Amino acid sequence: MFFTYLRRELRHRRRQTAVVAIGMAVAVALVMVVNSVSTGVSDAQDDVLDSVYGIGTDITVTQTGAPGDRAPGRFEVGAEDGEVGEDGSRAFAQNNVAVERGTASFDDDALTTVAQIDDVAATTGTLTLSSTTFSGEVPDTAALPEGADAGERGPGQGQGAAGGPDGAGGSAFSLDTFSVTGVDPGSDAVGPLTTVSLVDGRALGTDDSAAGDDGTPATVTVLDATYAASADLAVGDTVTVGDEDLEVIGTVGSTTGDGVATGSDAYVTLPLAQSLADLDGQLTDVYVQADSATAIDAVAEDISAALPEVTVSTQSDLASSVTGSLASASDLVSTLGLWLSVVVLVAAVGIAILLTVSGVTRRTRELGTLKALGWPGRRVVGQVAGESLVQGLLGGAVGLVLGLVAIAVVNALGITLSGTTGGFAIGGQERTGGGPGTGAAGGGPGAGAAGGGSGAGEAASGPFGNAVDQAAGAVDVVLHAPVSPTVVAIAIGIAVLGGLLAGIVGGARAARLRPAEALRSVA
Amino acid sequence: MYEITDLTKTYAAQGRTVRALDGVSLRIGAGELVSVQGPTGGGKSTLLQMLGAMDRPSSGTVVLDGTDLTTASDRVLAEVRARTIGFVFQGFNLIPTLTAQENVETALVPARVPGAERAERARAALASVGLGDRGHHLPVELSGGQQQRVAIARALVKNPAVLLADEPTGNLDEETRDEIVELLEGLWHDGLTVVMVTHDSAVARRAERRLRIAGGTVSELTPAART
Ligand SMILES: Nc1ncnc2c1ncn2[C@@H]1O[C@H](COP(=O)(O)OP(=O)(O)O)[C@@H](O)[C@H]1O
Ligand SMILES: [Mg+2]
């Protein structure tokens, strides 16, 4: 009788059942999508962190430098520099390599100190550099108007040399920035190498650290495959870093996902990086793995105590340092997504409660009659609550399908999120230095410019934009929103709870009805 | 059957207290057919609610076959309604979404009669009121008289000790009214105690004992020799 009556009642008020079920379905689907996408974004963040810091890195040790410290990008193009072309113009290229702006190197004693701390499972040290190549062509300085001396420019002032009035004999500069990370090839338990796999050629070996007769490192490099493709480089080519021409011996990709860039554009042996940047015995990053997750905070504190100068970041600090569209997505999901779900959920449950209560009021005589027939109160309440519960479950079932479809759509869209980590200073952060229209005016140090014959502002976006794109080591990750048992459980849970809540409120109404109501309001 | 002593029921309505029943004392014996007449608002329905264990008196006692309905718990009252009392309403009060057969079966739900037996007994009850072939009809598909027959079948299917009917013919035309009254008379002839409220004298006159309630007090219209 319970199910017969329930089925009849719900079929009788189809429209109300549909409204409640659809409301619940939308809420369930929305919560599922938000939950799933939020997991996807969080996974993507992990991927970014993994590809930048490597798998298993619990703590990183860095040191911040004063702004402007060791600023790369001071280029001095003297009047005698470069090769003089037939028309008297000079082509030149200068390369500067130094630690990233805002970071400072520190003595590699720190690595030893950290390794000796309790509960430290593994450590490795790297030296991350930024290599900037400034190249261009200037017209014959003798032909230029007074005051347009191309020499002695301020640091990074990429102000384009003025071209001739008609644009003829104009100059063009381009700026190419990429990151170079000095790694210890023998230490791949923790750190950036843990998520790097060989794509082409060979990897850096321990031999490369001291290849020469006098123990000097081999002048070889391994490039990130994504960077190599964008810079049109392949195994066997050479890249110039500082004063050295390095042979490309291999390319690598990230193990965290297809098409995911690795943490650095180029990798060299640590000794080579130190010699290139004139930073013997110096590191910029120490990667630390703790014995267990519970030991992380204690280890971080011990490191801070032993090395007061450095910045110690744990995995959760690092997660919050991820910027870029990934961070925006994360914010969007955690704020808008959350609030939207809450609002829709409250509305859906509210509608269910409202309609259940109004249904009980409308059925006063009917439910009173059942009580007059001797139906126990809980049997009447159970009937009303059962109806709401089934409405909720119907909505839950529809919502589950709707949610799964929506998640499938999100995944099919193949949304690419880009994550950049602060502090670790992947190239491309300097993008703030200028954009279309500001390049010619000279951005901060390192900002490039193109002037000359073409319209200054617009032309700047050409080579400048390319330079930034190439330098941008931001890690791209395709969003994958997973369907976990949790997501399904949440959907069913919401449907059951929403239905129960409406049923309890409606049931409480029904419970208060007296049997004598059966005699009232005779139609 | 019923032993009613000094029964008073007051309602609080809009700040005033209404004495729907005012010191009613009454005995109703097993196997009686009692009609209750009186003006609208006289207290007829209130008396029937007290007899039907649907509400508690403000003072006085109602004892049904030894059970004091005044002091019994809600659970016991529900039990009494489920097993002992058959109730017929003026407005039929069928569940609109259930068929005639299912409506009759609802009366057996609280007694936890197993499904097969429930269906069988409901079929028999419907047949006894002449609706053996209408079990699958919804209330809206039945005439007023047929609906009231279904309601009577629902009251009878539990084999109650007493049948209480509150203006059972109030919503029916004259012809149907007689059918229903004859049906109730037949039940009384078969030994059922019947208390029937009506303001129709033609109906009331068919009862062997006639009561009148006005202003909450009861008077016997038939010689009060029966108490
Ligand atoms: N639930 C109630 N609340 C307030 N007053 C009521 C209620 N039920 C009945 N009354 C009042 O009690 C009096 C008797 O009502 P009732 O027994 O229904 O009369 P009858 O059935 O004879 O027409 C009336 O004045 C009516 O207004
Ligand atoms: Mg009445």
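**Two chains, two sheets and a pocket**

Of the 523 residues that make up chain A, 50% count as buried. This is a predicted model, and what follows reads it chain by chain before turning to the largest pocket. Chain A holds 12 helices and 17 strands. Among its contacts with a separation of 6 or more, 84% are between residues 24 or more positions apart.

One piece of chain A is worth a stop. Helix H9 of chain A covers residues 364–372, and eight of those nine residues are buried, so the helix is largely enclosed by the rest of the structure. The buried set runs through Thr364(A), Glu366(A), Leu367(A), Gly368(A), Thr369(A), Leu370(A), Lys371(A) and Ala372(A). Just past the end of H9(A) comes Gly374(A), with a positive phi of about 95 degrees.

Chain B has 227 residues, and buried ones make up 56% of them. Its secondary structure comes to seven helices and 10 strands. Here, 70% of the contacts with a separation of 6 or more involve residues 24 or more positions apart.

The strands of chain B can be followed sheet by sheet. One open sheet has six strands, in the order E6-E7-E8-E3-E9-E10, and its pairing is mixed. At the edges sit strand E6 (85–88) and strand E10 (217–220) of chain B, each of which pairs on one side only. On average, and with direction ignored, neighbouring strands of this sheet are turned by 20 degrees against each other. Two helices of chain B pack on it. H1(B) touches strand E3 (33–37), E6, strand E7 (162–166), strand E8 (193–197) and E9 of chain B, and its direction makes about 155 degrees with that of E7(B). Helix H6 of chain B, residues 174–189, touches E3, E7 and E8 of chain B, with its direction at about 150 degrees to that of E8(B).

Strand E9 of chain B gives a good look at how this sheet is put together. With E3(B), E9(B) pairs in the parallel sense over four bridges, and Val36(B) stands opposite Leu211(B) in E9(B). With E10(B), strand E9 (residues 209–214) of chain B runs antiparallel, and four bridges join the two. Arg212(B) has Ser219(B) in E10(B) as its bridge partner. E9(B) and E10(B) form a hairpin with two residues between them, and in the turn Gly215(B) has a positive phi of about 60 degrees.

The side chains of E9(B) alternate along the strand. Arg209(B), Leu211(B) and Ile213(B) point to one face and are buried, while Arg210(B), Arg212(B) and Ala214(B) point to the other and are not. Leu211(B), the residue opposite Val36(B), therefore belongs to the buried face, since buried here means under 20% relative accessible area.

Another open sheet in chain B has four strands in the order E2-E1-E4-E5, with antiparallel pairing. Its edge strands are E2 and strand E5 (67–68) of chain B, each pairing on one side only. Two bridges join E5(B) to strand E4 (residues 59–64) of chain B, and the two run antiparallel. Leu64(B) has Thr67(B) in E5(B) as its bridge partner. H1(B) turns up here as well: it packs on this sheet, touching strand E1 (2–13), E2 and E4 of chain B, and its direction makes about 125 degrees with that of E1(B).

That leaves the largest pocket, with about 510 Å³ of space in it. Its lining counts 20 residues, and those nearest the centre are Arg520(A), Tyr11(B), Ser45(B), Thr46(B) and Gln49(B). Strand E2 (16–28) and helix H1 (44–51) of chain B each supply at least two residues of the lining, and H1(B) gives the most, with four. By character, the lining splits into five nonpolar, eight polar and seven charged residues. H1(B) thus links several parts of the picture: this helix packs on the six-stranded sheet, packs on the four-stranded one and contributes four residues to the lining of the largest pocket.

Technical notes
Residues are numbered from 1 along each chain as its sequence is written. Chains are lettered from A and ligands numbered from 1 in the order in which they are written. This is a predicted model: local features need pLDDT of at least 70, side-chain atom pairs count only at pLDDT 80 or more; totals for chains, interfaces and linings use all residues. Side-chain values use heavy atoms; hydrogens and water are left out. On a 1 Å grid over the protein atoms alone, a cavity is a set of points where a 1.4 Å probe fits but cannot get out, and a pocket is an open set with protein on both sides within 12 Å along at least five of seven lines; lining residues have an atom within 4 Å of a point. Grid points are joined across faces, edges and corners, and a volume is the space filled by probe spheres set on the points. Ala, Val, Leu, Ile, Met, Phe, Trp, Tyr, Cys and Pro count as nonpolar, Asp, Glu, Lys and Arg as charged, and the others, Gly among them, as polar. Two strands pair if DSSP finds at least two bridges between them. Axes are lines fitted to C-alpha atoms, for helices over the stretch in contact, and angles run from 0 to 180 degrees between N-to-C directions. Contact means heavy atoms within 4.5 Å. Buried means under 20% relative accessible area, exposed over 50%, partly exposed in between (1.4 Å probe, protein chains only).
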